Amino acid sequence: MRTGAGRRAGGGGRGRGPSAAVATPVALSLGLLVVAGCLLGWYVPGALAAEAAYRSASFCAGRPEPEGTRECLDAVPGTVVAKEPGGGRGPRLPGLRWAADGGSQEAWVRLEKEGALFDSLAPGDRVRVVRWRGEERAVVAGPLRQETSATPVDGHRLPYAVGLGLVPLGGVFGWVAYGWARRPEGAARTSWPVSVPMGCGLVLGAVGFFGPMVTDGLLDALLLSVGVAVPVLAAGVWLLRWRRARPSAPPGILPRLPGRERSFPGVVVGAVPYGMTGFGTLVAGPEGLAVAAGAEPGAARLPVPRSVAVVRVRPRAGGAGDWVVECRDGDREVRVVAAKEDLPWILGALQ
């Protein structure tokens, strides 16, 4: 019998190495964090500055300039020609077609949403369209005022939400890259040490995104994200510790110390001298466990030191018949991959 671990060892060098696998989450982490940094460090401050300038701007003295790009507010008088409700096909905003006094052309101005001003207007009604920096920012009719889709008010909310939501996701992919670099064996990529932080990151990313939409200020949204992060991360740490505290081997698999050497297909994976590609045979005996280049006599061997301690045993994800013995050699993680029927000899040799 030749396990999937043995086949991989025999064909070592043809698959992607750990560095190639780690490159993807590293690129995702850096990309997400760079986008978040640009939004939070550049776009959001610019949007806040534009909103502050717009709110503090006074109306221009003298005659308004319908096509002007001044820093003051131009209140251009005109008449409503037609109105178009929002909805319909696509994300269409409610709009007013109007004509400025003294002008021969009609233009559409899109409002943020339907409101009291939009509902009260009808063709022929008088309005004033507020222009600032060359764009229509608001529509005024009597005591009613409604912002247009080009208003800088709250223009920071969406980029702040996206940036705040991308930060934990970027951190999660960075953690995954670190975990994959320490766990080159592919089965570990679907293990709890990856899936639990990924779930925490998705929850925190969702809270970070929706926080600015439901709060009034930047600090409120940040405090909401931090407040949710504490219990979420605490739950993640508890799950990981609970998982690690489970029995090291499933029921029915007891260590057996062989009286003589037994050879069977298997590999040792990890950043250790005895976890070499091409060594696809495990040898368990009274002297402990070793990994060999083949089952034939005289094949090269590398002993597994007695310092290796078993942590737990689990099925290998995606590998029918293969199981993984997770171990630690000091601060390094080691994985022994073999068939289930050979697990008792591995556990006995590692005692």
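**A tour of the second largest pocket, the salt bridges and a surface patch**

Begin at the second largest pocket of this predicted model, which 18 residues line; select Pro66, Glu67, Val76, Trp98 and Ala100, the lining residues that lie nearest its centre. Three elements each give two or more residues to this lining: β1 (74–84), β2 (95–100) and β3 (106–110). Colour β2 separately, since the largest share of the lining, three residues, comes from β2. By class, the lining residues divide into eight nonpolar, six charged and four polar. The volume of the pocket is about 370 Å³.

Next, turn to the charged pairs. Side chains of opposite charge can pair when their charged atoms come close. The structure holds 19 salt bridges, and a few of them are visited here.

Select Glu84, Arg92 and Arg110. Glu84 forms a salt bridge with Arg110, and the closest N and O atoms of the pair are 2.6 Å apart. This pair links distant parts of the chain, with Glu84 in strand β1 and Arg110 in strand β3, 26 residues apart. Glu84 also forms a salt bridge with Arg92, where the closest N and O atoms are 3.8 Å apart. Arg92 counts as partly exposed because its relative accessibility is 36%; Arg110, at 26%, is partly exposed.

Now select Asp101 and Arg126, whose side chains meet in a salt bridge with an N to O distance of 2.5 Å. Asp101 lies in the loop between β2 and β3 and Arg126 in strand β4 (residues 126–132), so the pair ties together parts that are 25 residues apart in sequence. Asp101 has a relative accessibility of 40% and therefore counts as partly exposed. Arg126 is partly exposed, with a relative accessible area of 48%.

For a network, select Arg312, Arg314, Glu326, Arg328, Glu333 and Arg335, which are joined into one by salt bridges that share partners.

Move on to the surface and display Leu219, Leu222, Leu223, Val226 and Val230. These residues form a nonpolar patch whose accessible area is about 480 Å² together. Leu222, one of the patch residues, lies in helix α6 (residues 218–244). Leu222 counts as partly exposed because its relative accessibility is 40%.

Finish at Gly348, in helix α7 (residues 343–349). Is Gly348 buried or exposed? With a relative accessible area of 3%, Gly348 is buried, the cut-off for that class being under 20%. Add Ala284 to the selection: Gly348 and Ala284 are 64 residues apart in sequence, and their C-alpha atoms are 8.2 Å apart in space.

Note on methods. Residues are numbered from 1 along each chain as its sequence is written. This is a predicted model: local features need pLDDT of at least 70, side-chain atom pairs count only at pLDDT 80 or more; totals for chains, interfaces and linings use all residues. Side-chain values use heavy atoms; hydrogens and water are left out. Patches are made of residues with over 30% relative accessible area and no salt bridge: like charges are joined within 9 Å, nonpolar side chains (Val, Leu, Ile, Met, Phe, Trp, Tyr) within 5 Å. Accessible areas come from the Shrake-Rupley method with a 1.4 Å probe; for residues, only the protein chains shown count as cover. A salt bridge is a side-chain nitrogen of Lys or Arg within 4 Å of a carboxyl oxygen of Asp or Glu. Helices (H or I, at least four residues) and strands (E, at least two) are DSSP runs, numbered from the N terminus. Buried means under 20% relative accessible area, exposed over 50%, partly exposed in between (1.4 Å probe, protein chains only). On a 1 Å grid over the protein atoms alone, a cavity is a set of points where a 1.4 Å probe fits but cannot get out, and a pocket is an open set with protein on both sides within 12 Å along at least five of seven lines; lining residues have an atom within 4 Å of a point. Grid points are joined across faces, edges and corners, and a volume is the space filled by probe spheres set on the points. Ala, Val, Leu, Ile, Met, Phe, Trp, Tyr, Cys and Pro count as nonpolar, Asp, Glu, Lys and Arg as charged, and the others, Gly among them, as polar.
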